[in-house]
Each structure stands twice: as C-alpha cells, then as structure tokens.
Amino acid sequence: MKSVVAVVCCFMVTLSFAVGSYGQEPAKPAAFYKGKNIDFILNEAPGGDADLLGRLLGPYVKEHTGATPIFVNRRSAGGVEGYVYLSKAAPDGLAMGIGTTLPMLLNKITGAPGAIYEPDKFGYVCSFLRVRNVFIVAAKGPYKTIADLKKAKKLVLGGTSPQGNLALATMSSIKLLDLDAKVITGTKGPGPLLQDILSGEIAGTCLPMQLAMRGIRDGNYRALFTLANERFSAIPDVPSLKEAYDMAGDEEKKELLAMWDQSLVMSQAIITPPGLAKEKLDFLREIYAKLKSSPQFRKDMDKLFAFHVEDADILAGPEAEKLVKDAMTKAGKMKSIFLQFIKEYRL
Amino acid sequence: MIDAFLQGTATVFQPMVFLSILVGVVLGVSVGVTAIGGMVACALFLPFVYQLPPELALSFLVALTSVVFTGGSITSVLLGVPGTAPNAATVIDGFPMAQKGEAGRALGAAIGSSMFGGMASVFLAMAMIPVLKPIVLSFRAPEMFMVILLGLSFLAIMAAGSPVKGMISGFLGVLLALIGFQGVSGVYRFTFGSFFLSDGLDLNGVVLGIFALTEMFDMIVKGKKTIAMEVRKVGFKGVFQGVKDIWIHKWLWFRCCVIGYVVGIVPAIGGNAAMFVAYGHAKQTSRTPEKFGTGCVEGVIGPESANNASSAGDLLTTMAFGIPGSAVMALLMGGFLLVGVTPGPVMIKDSLPLVFTLLVGIAVANWIAGIICLLIAPQLMKVSFIRIDYLFVIISAVVFIGAFISKLSLLDLVVAIVFGVLGYGMKRFGYSREALILGLVLGELFEFYLTRSLKIFGPTFFMTPTSLVLLVFIILVFAYPWLKNVFSRRSLKGAQ
Amino acid sequence: MKIKPGSVFLIFILLLMIYTATEALSFGHYEAMLAPLLLSMAILGLGAIELVRELRSKNKRAQPIEDEDLPPMVVARVAGGSEMRRFGTALSWIGGFALGIYSMGFFISTLLFALTYLRVRGLGWLSSTGFAAGFTVLLYVIFEIGLRSHLYRGLVFGG
C-alpha cells in the first residue's frame with residue numbers, strides 16, 4: 001500500500017512539472033547559452049587554419065555567450081565527415097562548424113563519396129578571410145613570368161587530391177593559359193607541395209592566398225598571378241590573370257575565371273546545422289559581428305594568416321550564405337568542367 | 001651564430017622561461033604516461049598559452065611535445081602499453097625485461113636513452129643549421145622512396161627467425177597502410193563506405209591493441225598473477241644498471257640517435273619509423289640477435305634513443321622551412337603563428353636566438369624529464385608486483401582512452417580490440433608484430449613515392465647520387481650478416 | 001591430419017587476402033589496384049608455402065606454456081583447450097567493457113567494469129569498490145578537469 005502511494009505521489013509531482021513547463025516560453029538565446037557546452041566541429045586536422053581559427057574564437061565565444069566551446073576535429077574524407085555530422089546534428093544551437101567553404105563546395109559539386117550534405121541548407125553565422133587562389137613558383141626557379149610558363153614544355157604542376165581545390169585551381173590555370181602541363185596529385189597537403197616546389201620536383205601550384213603569403217614574404221616563392229579578376233591588396237605587385245592574359249573573345253575562359261573569382265572563393269565560415277531557429281541564428285550573427293570590431297581579435301587573426309585581413313573579406317552571415325547559394329546554382333556546370341579537367345590534366 | 005647561441009641559451013635559464021619548460025616537462029611526461037600523445041596534448045594546451053610572450057609559449061609547447069616519449073617509455077616498460085606510437089618498439093624488449101624482474105634496468109635504459117638521445121640530437125641539429133636546407137631539399141621523390149625502402153629493408157632483420165612469417169607480417173602491414181583515400185587516383189580503398197576508414201587506420205589504436213592488449217591477453221592466458229615474480233636488482237641499483245648499459249652500448253646509442261635525427265629531418269616519415277628502424281639496426285648489430293624479443297636491453301636503448309632524437313630534427317626542419325614535417329609539428333607551427341612568430345628562412349635569419357632557445361630548451365627539457373623519471377623509477381618498478389587483475393582494469397581503460405582520444409571515435413576501440421586479437425594470434429604463432437607495424441608506418445609512403453618517382457622521373461628515377469648512396473646502404477643492410485661472418489672468420493684466422 | 005591452431009590462423013589470413021585481391025580489382029584506376037593486388041598475391045604465395053610447411057611438419061603434442069625465467073609451479077600448465085577458454089574470457093571482458101563505454105560512457109563503464117571484474121576474480125567488496133571508485137575518480141580528474149578532454153558520456157547519459 002505504501003509503495004502504491006509513493007508511486008502515485010511521484011507521478012503527480014512529475015505531471016505537475018510537465019504541465020508547469022508546458023506553458024513556458026523557450027529561453028531567450030542569451031539565457032539559453034549560459035552554462036552550456038557548444039560543440040565546435042573543426043573540419044580539419046589540428047594545426048590547420050580552420051582549426052586554429054576555431055581555437056582563437058573559443059575565448060570570445062565564452063565571453064559573449066557564457067557557453068563553453070568544446071573542440072572536436074572531424075576531418076575524415078577531407079572534412080566531409082564534419083559537414084555530414086553538422087547536416088544531421090540537432091538544430092538546437094549547441095553545435096557549430098568551422099570549415100573552409102571551398103572544399104565543402106567542391107566535394108559536393110564533384111560528387112565526393114559520402115558528401116550527402118547540402119551546402120545551401122546550412123545556417124551561416126559569418127565568414128572570416130575570403131581569399132582566392134594565387135599561382136606560385138619557386139622564387140629562384142626558372143619561371144619568372146607567365147610567358148616563361150607558356151613557353152615551357154611538359155610542365156609538372158602539383159595538387160593534393162584530384163577533386164580538391166588546389167588541383168582543380170591548378171588545372172583551371174592550365175586551361176586558362178593553354179599550358180603544356182599536367183598536375184600530379186596525391187601530395188598530403190599544402191606544406192609538402194611547397195617543399196616540392198622548392199626542391200624543383202614540381203614547377204608550381206595554385207594555393208589559397210593565406211597559405212602562399214608566408215612563403216612569398218620569406219622570399220622562397222614568387223606569385224605569378226592571382227586566379228581572379230582583380231589584384232589582392234596584400235600582394236599589389238602581382239597581376240590578376242584577367243589583366244595578365246588576354247582572353248578576348250574566349251567566353252568559356254572568361255566564365256571559368258569568373259567562377260574562380262566570384263563563386264569558388266575560399267573562406268573560413270562558421271556554420272550551423274540546417275533548421276536552426278532564426279532567433280538563435282541572429283543572436284549568433286550579432287555575437288560574431290562584434291568580433292569584426294574587436295582590435296585584439298583582428299590582431300590575432302592577422303598574426304595567424306600572416307597578412308592584414310580587410311574588413312571587406314569578413315562577411316556577415318547573409319553574405320556568406322549568398323556566396324554559397326550562388327555557387328550551388330552553377331554546380332552542374334562546374335561538375336562537368338572539373339571532371340573533364342581531371343581526365344585531361346591529371347598526370 | 002655563437003652570439004645567437006649564447007643569447008638563446010641565456011634565455012632558457014631566465015626564471016619564467018625555465019618555469020615554462022618545467023611545467024611543459026611535467027605535463028609532457030604525464031601525457032606520455034596516459035597514452036594521449038603529443039598532438040592531442042598540444043591541441044589541448046594551445047589555447048592557454050598563445051597569449052603569452054613567444055619565448056614562454058613556445059618553450060612550453062616544445063618542452064611538452066619533446067618529452068612525451070620519455071613518459072611513454074615508462075608505461076611501455078612497466079605495463080606493455082606504448083604511451084605513444086613511437087614507444088611501441090620499446091614494448092618488444094622492455095616489457096619482457098619487466099616480466100623477468102628487470103623493470104628497473106629497463107626503465108634506466110629507456111629513460112636514460114631518451115634523455116641523452118634528446119640532448120644529443122640538439123647538438124646534431126645545431127651543427128646542421130648551416131647545411132640543413134640543401135640536405136632537405138635534395139630529398140625529392142626518388143630519394144624519399146629509397147629512404148623508405150631502406151626502412152622497409154629492416155623487415156628482413158625483424159623476420160630473421162622465420163623469414164616467410166616475417167615477410168607475411170611486413171606485407172600485411174603495408175597492405176593495411178593502403179586502407180583509405182589514395183590521393184594519386186582519388187579512390188577510396190577498403191573503406192566500406194565509412195568515414196572512419198577514409199583516412200586509414202589510426203596508428204594509436206593499432207599500436208595500443210597489438211602491443212598492450214596482446215601482452216595483457218598473453219599474461220591472462222598464461223595465468224600469471226603479477227607481471228614479475230621476483231626482482232633481480234632492487235631500487236636505484238637496477239635503474240643505475242640500465243643507465244650503465246647505455247655506456248656499455250654507447251656506439252649503438254649514438255648510431256640510433258643519428259638514425260632518429262636523420263629520419264626526423266626527412267619530412268613525412270617521423271618518429272614512428274625511426275623507432276623501428278633503430279630497433280632493427282640494434283638487432284642486426286647485436287652479438288645476440290636471437291635474444292631480441294625476450295628482454296634484451298639493446299632492444300630498449302635503440303628505439304628510445306631514436307624517438308627522442310627525432311624531435312630536434314623535426315622541429316628544426318619546421319622552423320627552417322616553415323613546413324611542418326609531421327602532424328605534431330603542424331600543430332606546433334600553429335602555435336608559432338598564434339604567438340606571432342612565422343617559421344621559415346626569415347626566422348632562421350632574423351630570430352636565430354629564438355631558434356637556439358627552443359633547441360636548447362629541448363635539451364634542457366629532456367634532461368629535466370630524465371632526472372625526474374629516474375628519481376621516481378625505483379617506486380614505479382613496484383607496478384610489476386601489482387596483482388594482474390588490477391592491471392587488467394587499468395590497462396584496458398588506458399588503451400581505450402588512448403585509442404579514442406586522437407580522433408574521438410568509438411570505432412577506434414574496435415580497432416584496438418581487433419588488433420589485440422590479431423596481435424595475440426601473431427605472438428602465439430610466431431609472426432612478427434614489429435614487422436607489421438613497420439610495414440604499416442611506411443607502406444603508404446612507399447606506394448606514394450614509388451608512383452610519384454615513376455611518373456615524374458621515369459623508370460631510371462633511382463639514378464640520382466643520393467638515391468645511389470641510399471641503395472648502397474640498403475645492400476649493406478642485407479649483406480651485413482654475411483659481411484659480419486666474413487670479418488669475424490678473418491679476425492679468428494688472424495688471431496690463430 | 002589434425003589442423004593446428006597456427007594453420008587456422010594462416011588460413012584466415014589467406015582467405016582475407018583472397019577477398020582483398022578481389023576487392024582490389026574493382027578499384028577502377030590501375031594506380032589504386034596495383035599495390036593491393038601485388039601485396040595480396042605475395043602474401044597468398046608466401047602463406048601457401050608456410051601452410052604446406054606447417055601441415056607437413058610433425059604434429060607435436062601440445063606443450064605446456066612455460067616461461068623459462070619463472071619457477072615452473074607458478075605458471076599454470078595450459079593445453080590448447082583451456083588456453084582458448086582463458087583467451088575467450090579475457091576477450092569477452094574487453095568486449096563487454098567496450099560495449100559499456102558505448103552505452104554508458106567512459107567513467108560509468110570503467111567503474112562498473114572494475115567493480116564486476118575484480119569481484120568475479122575473487123577480491124572483496126571493500127577492495128573492489130575502493131579501487132573502482134578511486135580509479136574512476138582519478139581518470140575523471142586527469143581527463144575531465146586536468147586535460148578538459150571531455151570523454152564520451154555514452155548513449156544513456158547523452159554522449
């Protein structure tokens with residue numbers, strides 16, 4: 001009898017809590033985050049730019065939200081694992097990703113195995129460091145100008161994976177300049193590629209600017225052109241491919257270059273799972289917008305990337321989202337072009 | 001350069017810098033003991049230190065990552081659990097020594113070799129600063145292929161007892177290395193559609209399973225009550241005997257330091273290969289190679305000198321080129337960038353005192369770690385007498401945490417168990433686990449550099465001067481036993 | 001002809017190599033299939049040689065496993081059957097621990113694993129509980145508080 005009474009009492013207490021909480025409004029975002037843990041999914045191995053940026057952001061996130069960031073590297077399959085994880089994560093605001101948008105796009109566009117996420121469905125909080133590719137060669141090597149590259153026969157250029165940004169940007173350069181060249185893939189990252197250029201094993205490669213900058217500043221590498229329509233302010237002496245090479249009349253090449261200039265732009269984006277409540281997304285966007293005007297954060301970021309990141313290259317969430325959506329509208333066309341490049345230019 | 005060296009050394013002994021090295025040492029040794037690994041530790045502590053002045057932050061990080069192997073050698077010897085993947089070779093002879101009641105001697109040899117190896121490599125690094133760049137840049141795909149082939153030629157040494165079984169083990173290791181994404185073709189091999197295997201098998205899980213779990217299974221099957229039944233030398237006597245053994249085998253120690261250092265400066269290969277190549281070399285040059293695997297002190301001295309010696313070379317290449325040679329260095333380089341120091345030729349040119357601070361810091365860190373570990377070693381030896389049931393719990397937990405923590409994936413626990421079972425089978429039926437691991441470490445690079453060499457340089461890729469020199473070394477590795485016989489017969493004849 | 005356990009192990013490896021070679025042929029690119037194919041063929045060849053050698057060698061009586069450095073009476077004399085049983089038992093405990101980690105997380109499963117294993121092995125309640133609790137607390141202090149590595153909490157406790 002006593003046990004029956006105990007069970008009924010417990011039930012009544014539980015029921016009253018349930019009824020009581022039913023009518024409550026969900027906590028405001030600011031209150032929601034206090035004391036909670038946020039999973040920061042880093043789509044790279046420790047030490048990569050997105051990884052380091054994420055760890056830089058940690059203290060600011062804690063300061064402005066009251067939540068503790070927990071960093072989790074989900075880097076398998078070139079970061080695809082992380083994007084898939086985020087696409088399936090609960091949209092409760094407690095999981096965020098920091099990843100490089102260009103590999104995210106290219107993996108999806110080229111149909112990388114397992115890339116079941118939809119880039120245009122993620123929530124975009126903001127994006128740091130919008131950069132394009134620059135073609136580099138060894139500073140003391142035989143290729144001083146684009147003309148030298150064009151004159152050369154059977155050039156060997158470098159790339160990481162065949163469907164990756166570096167290889168595809170380099171293959172696009174071959175197409176745009178009509179070089180007698182092939183791309184050898186398989187190198188495990190930009191570091192070994194840079195070493196291969198120094199040792200003369202490969203003639204050059206395309207790299208995102210922040211990876212090339214350190215070597216260019218050291219005097220080891222020379223940038224021949226930017227894979228863009230305009231010059232970069234950090235390397236004002238390096239011409240853009242548009243001004244360095246006349247593509248008059250060749251609409252196909254102009255379109256390809258425009259793709260690299262406008263759509264296939266590298267940025268380090270903070271993304272949330274699809275379906276996150278607008279209120280929470282806006283709250284997070286406000287937090288990160290404050291970072292743009294934080295002198296300490298800007299100083300740390302400049303140290304990390306080895307050059308001053310302009311205001312224009314820090315994008316608000318809606319702008320980052322638009323960039324990705326625009327790129328996805330051209331996905332079909334890009335896929336056929338890139339698969340053709342891989343067939344034609346891979347050594 | 002001498003001024004920079006003196007300035008850099010003076011910085012190391014400033015109170016705050018010395019304190020940061022000391023804290024790094026204590027944490028590094030602890031991390032090594034807990035089987036977490038240098039990379040994870042560096043990632044965990046990086047956010048706490050990057051706001052500090054460069055000499056404090058970098059000294060801490062460099063000290064932390066360079067003494068992890070010293071801590072790892074403790075668990076390798078006492079429990080058969082490699083604290084880090086590069087400590088795996090120490091288990092092969094270190095743990096049997098503990099089982100024979102020679103834990104103190106094994107600890108003394110392991111810690112001492114680590115300590116002196118780490119210190120010696122700093123002098124090698126400093127001597128090589130002026131010539132580092134041309135040496136490293138001369139290593140292109142053909143030379144890298146020959147270096148890896150040289151490493152793989154030690155499979156023959158490891159397989160000495162049963163060549164067919166040894167080669168099966170080695171080839172199996174190479175085959176396992178091919179699991180995952182192949183960058184050359186863009187094909188995922190043997191991944192069964194899973195992300196987990198797309199980057200290949202994680203070496204941590206494999207090594208923890210094939211050594212730690214295997215030894216645990218072995219002890220339980222044999223019904224042992226404790227790791228050791230008696231102690232052959234108690235207290236500091238045993239530990240000191242191990243340190244003395246390094247002096248007795250000083251040339252072996254020196255050669256293995258050089259092996260470790262050289263492998264460290266060659267990008268991409270790293271400490272994992274250095275330890276097994278050094279182990280193979282130690283076995284090859286020993287007067288009693290048949291005793292390797294049963295508790296031979298040379299089998300401890302070799303790999304332990306090599307893995308600590310590889311840190312200075314790895315760091316110097318990273319600082320000189322701005323290109324990290326290993327995953328740990330990639331993270332460390334991130335630390336450099338965050339504190340506002342850009343590794344590369346400019347660092348060598350303009351911040352040479354800082355370079356020396358870090359190199360001397362490695363030497364000091366190894367020295368401090370060695371002293372601390374040697375002092376506590378006699379107490380640590382008592383682990384050999386803890387009831388095996390307690391150790392089963394401890395080792396299982398440490399193996400699973402160590403396997404989980406590098407990729408935060410529960411499937412790594414499955415990997416550890418699978419390789420624990422495989423390792424037990426291999427040990428039971430006479431297959432060489434060390435040959436499998438050597439194949440696993442070098443296999444993917446072997447295929448990569450062979451393909452690359454053929455594509456870029458054609459079938460005569462091995463005709464470069466450096467490649468031909470390395471080819472001679474490879475021939476020497478195979479010919480060594482015959483040469484040894486010839487010379488010993490000649491010296492016997494001469495004596496008669 | 002009785003097949004020795006070593007031969008069973010080798011046959012397992014050979015079957016795995018047959019699968020590997022078959023799978024390698026499906027890779028499409030020659031660069032992807034060449035190395036796995038050659039290696040699996042090499043292991044098959046070597047394995048076949050070793051298997052023939054093993055099957056031909058005289059079937060020795062199962063020897064007790066002895067460690068020459070230990071007093072013989074201390075080491076349990078085991079023959080093939082009980083060796084497999086001990087191995088199976090140890091493997092079951094390890095497997096159970098891993099399953100426990102999956103469902104309950106590292107800390108709870110370590111506590112339960114330590115407690116149950118030590119009790120089954122004959123230790124008293126006090127020492128089993130004390131060790132289990134102490135070891136779990138130590139792990140918590142090192143990993144959660146010290147290293148902030150946030151180990152997996154398990155399905156049940158929201159991992």
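How much area do chain C and chain B bury between them, and what share of it is on carbon and sulfur atoms? Keep that in mind as you start the tour; the model you have open is a predicted one.

**Stop 1: chain C against chain B**

Select chains B and C together. Between them they bury about 5700 Å², with 80% of that on carbon and sulfur atoms. If you pick out the residues in contact, you should find 62 on chain C and 61 on chain B.

Now color the chain C side by residue class. The side that touches chain B has 44 nonpolar, eight polar and 10 charged residues. Next, show the helices of chain C: α1 (5–24), α2 (30–56), α3 (80–120) and α4 (125–146) each supply at least two residues of this side. Rest for a moment on α3(C), as the largest share, 18 residues, comes from there.

For the charged pairs, there are five salt bridges across this interface. To look at a salt bridge here, select Lys165(B) and Glu50(C), whose side chains meet at 4.0 Å, N to O. The interface of chain C and chain B also has eight residue pairs in polar contact, with both residues at pLDDT 80 or more.

**Stop 2: a helix of chain B**

Hide chain C for now and select residues 103–128 of chain B. This is helix α7, with 26 residues and a reach of 36 Å from its first C-alpha to its last, close to the 38 Å expected at 1.5 Å a residue. Is α7(B) largely enclosed, or largely open? Of its 26 residues, 19 are buried, so the helix is largely enclosed by the rest of the structure.

**Stop 3: chain B against chain A**

Bring up chain A beside chain B. Here the contact takes 43 residues from chain B and 47 residues from chain A. The two chains bury about 3900 Å², and carbon and sulfur atoms give 60% of it. Select Phe195(B), Ile323(B) and Arg452(B): in chain B these lose the most area to chain A, together 17% of what that side buries.

Stay on Arg452(B) and add Glu201(A). Their side chains meet in a salt bridge at 2.6 Å, N to O. Across this interface there are three salt bridges, and 13 residue pairs are in polar contact, both at pLDDT 80 or more.

Finally, show the helices of chain B that face this partner. α3 (38–49), α8 (132–137), α17 (327–338), α18 (345–350) and α22 (433–457) each supply at least two residues of the side that touches chain A. The largest share, six residues, comes from α22(B). By class, this side of chain B has 26 nonpolar, 10 polar and seven charged residues.

Definitions and conventions:
Residues numbered from 1 in each chain as written. Chains lettered and ligands numbered in written order. Predicted model: local features only at pLDDT ≥ 70, side-chain atom pairs only at ≥ 80, totals over all residues. Heavy atoms only, no water. Contact = heavy atoms within 4.5 Å. Buried area = accessible area lost by both parts, 1.4 Å probe. Polar contact = N/O pair within 3.5 Å; in protein donor to acceptor, adjacent residues only side chain to side chain. Helix = DSSP H or I, 4+ residues; strand = E, 2+ residues; numbered from the N terminus. Nonpolar A, V, L, I, M, F, W, Y, C, P; charged D, E, K, R; others polar. Expected span 1.5 Å × (residues − 1). Buried < 20%, exposed > 50% of the residue type's maximum accessible area, 1.4 Å probe, protein only.
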